[in-house]
Amino acid sequence: MHPARSLLPATAAVVLTLTACAQGAAAPAAETSAEPVEEVPTALEVMAPVIEEARNLPVRGDVWNLRTRSAEAWGVGPKDDRYGVYNIYHAETWSWVDEYDIGTGRSEGGEKWGLNAQRTDATTWELVNEDAWDAWERDGSPVRWEPDPEVERGDIPTREEGFGEMSGPHPGGWDFGLGTVDHQGLQEASPDPDDLEEMLFPASEPMPDDPVGQGPDGTGHPSTTGSGHESEEARRFSYVSRSLHLPFPPEVRAGMYTLLAGMPGVRPLGSARDVSGRSAVGVAYTLDPTDIGAVEHRILFDPATGGLLSQEQVVIEPAASESDWCEPGDVVKYTLYESSMWIDGPPR
């Protein structure tokens with residue numbers, strides 16, 4: 001599976017032609033013949049329409065409902081002749097404020113709390129790209145792969161208790177930058193990007209060595225790529241990108257998008273398609289070197305609504321140890337935001 005690529009126009013070369021001066025004559029003014037320089041748009045310029053649309057996202061109720069499909073790619077099969085397989089999770093979460101009694105565990109007759117509920121469906125699998133089809137058939141067309149302790153990889157598809165069951169509701173907050181914030185705190189946040197940056201990264205809090213522990217779907221899974229966030233710049237990008245799915249009011253969401261677009265290293269992608277084929281615009285950031293090689297993190301948005309569509313990690317150049325199963329352009333990790341909206345009531 002190869003995501004569409006968007007190539008930005010190269011800056012036109014400027015050619016200067018100088019007229020030679022005749023000997024003993026006054027030098028004429030230099031003549032220039034130059035093509036106009038085509039400016040490359042900044043991330044903030046590409047994101048400006050998305051940011052404006054985000055301000056107009058409809059709020060139909062008090063409960064934030066999010067459905068995601070997230071996947072991690074792994075090399076499976078014989079050593080040095082592997083092929084790529086996605087381990088895929090489907091999850092649905094709800095977030096709202098209601099009365100909750102800690103003693104009884106019921107959403108009634110107590111204090112006002114920010115509440116969360118989640119349901120994760122049984123996992124599935126897919127081949128990473130069509131090139132893997134022959135290798136998969138060569139190995140007997142398997143539909144399950146046993147855990148690999150050498151790379152800390154679980155079974156594919158994952159077998160866990162509780163798939164399909166509702167977890168919660170229970171009081172809980174969201175990881176947000178260097179701390180946590182509850183549902184009400186997000187509703188009351190300032191939409192100003194500078195205020196949001198301070199909220200994410202309080203000056204009094206030291207930056208951890210490695211923020212990786214939770215994916216952009218809000219859950220943690222074993223990682224193919226490892227960190228990719230060794231520098232402080234990359235760690236800050238990670239904290240912002242992993243917060244974009246949270247239940248922000250429209251103005252605060254617009255502020256988060258503005259903050260993202262202005263971060264060092266974030267560059268525009270322009271028109272693209274996410275791994276499900278939806279039309280998108282977005283931004284990209286090249287991660288620090290990872291276990292799988294050079295990887296680009298892409299964040300894609302719906303240009304018509306300002307909604308978050310996907311976050312994807314795309315191989316730029318695989319490490320030699322991983323080149324038997326992945327190649328440039330392969331998406332090795334993604335989260336699709338299949339649905340994110342404000343609805344009238346919590347799950348029943």
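**Close-up views of a predicted model**

**View 1. Surroundings of R153 in the predicted model.** Not counting residues up to four places away in sequence, R153 touches W74, G75, V76, W145, E146, P147 and D148. This arginine lies in the loop between helix 2 (133–138) and strand 4 (166–171), and its relative accessible area of 6% falls under the 20% limit for a buried residue, so R153 is counted as buried. One of its partners, W74, is 79 residues away along the chain, while the C-alpha atoms of R153 and W74 are separated by 8.2 Å. W74 and V76, both touched by R153, also belong to a core of ten residues that includes L127 and A135 and lies apart from the largest nonpolar core, which has 57 residues.

**View 2. The cis peptide bond before P157.** I156 and P157 are joined by a cis peptide bond, for which omega is about -10°. Most peptide bonds are trans. P157 has its place in the loop between helix 2 and strand 4, where it counts as buried at 7% relative accessibility. When residues up to four places away in sequence are left out, the contacts of P157 are with N87, T123, T124, W125, V143 and R144. The C-alpha atoms of P157 and Y86 are separated by 8.6 Å, although these two residues are 71 residues apart along the chain.

**View 3. A cis peptide bond at strand 4.** The peptide bond that runs from G168 to P169 is cis, with omega near 10°. P169 lies in strand 4, whereas P157, which follows the cis bond from I156, is placed in the loop between helix 2 and strand 4.

**View 4. Positive phi values at S141 and E152.** Most residues other than glycine have a negative phi. S141, which is not a glycine, has a positive phi near 55°, and for E152, likewise a residue other than glycine, phi is positive and near 55°. S141 has its place in the loop between helix 2 and strand 4, and E152 is found in the loop between helix 2 and strand 4 as well. As to exposure, S141 counts as partly exposed, at 30% relative accessibility, while E152, at 67% relative accessibility, counts as exposed.

**View 5. The contact of helix 4 with helix 6.** Helix 4 (residues 193–200) and helix 6 pack with their axes 8 Å apart and at an angle of about 80°. Because angles of 65 to 115 degrees count as roughly perpendicular, helix 4 and helix 6 are described as roughly perpendicular to each other. On the side of helix 4 the contact is made by P193, L196, E197 and L200, which meet V252, G255, M256, T258 and L259 in helix 6. By residue class, this contact of helix 4 with helix 6 divides into six nonpolar residues, two polar ones and one charged one.

**View 6. The largest nonpolar core.** The largest nonpolar core has 57 residues, and within it the residues with the most contacts are Y257 and F301. Helix 6 (residues 250–261) supplies the largest share of this core, namely seven residues. Apart from this core lies another of ten residues, among them W74, V76, L127 and A135.

**View 7. The covered helix 5.** Helix 5 (residues 232–241) is mostly covered, with seven of its ten residues buried. The buried residues in helix 5 are A234, R235, F237, S238, Y239, V240 and S241. These buried residues of helix 5 pack against helix 4 and helix 6, and also against strand 8 (279–286), strand 9 (293–301) and strand 10 (308–318).

**View 8. The whole protein, as context for the close-ups.** The protein has six helices and eleven strands, and of its 348 residues 44% count as buried. Among the contacts in the protein with a separation of 6 or more, 66% are accounted for by residues 24 or more positions apart. The protein exposes about 17300 Å², of which carbon and sulfur atoms supply 50%.

Technical notes:
Residues numbered from 1 in each chain as written. Predicted model: local features only at pLDDT ≥ 70, side-chain atom pairs only at ≥ 80, totals over all residues. Heavy atoms only, no water. Core = buried A, V, L, I, M, F, W, Y, C linked by side-chain atoms within 4.5 Å. Buried < 20%, exposed > 50% of the residue type's maximum accessible area, 1.4 Å probe, protein only. Helix = DSSP H or I, 4+ residues; strand = E, 2+ residues; numbered from the N terminus. Axes fitted to C-alpha atoms, helices over the stretch in contact; angles between N-to-C directions. Parallel < 35°, antiparallel > 145°, perpendicular 65-115°, else oblique. Contact = heavy atoms within 4.5 Å. Nonpolar A, V, L, I, M, F, W, Y, C, P; charged D, E, K, R; others polar. Areas by Shrake-Rupley, 256 points an atom, 1.4 Å probe, with all protein chains shown as cover.
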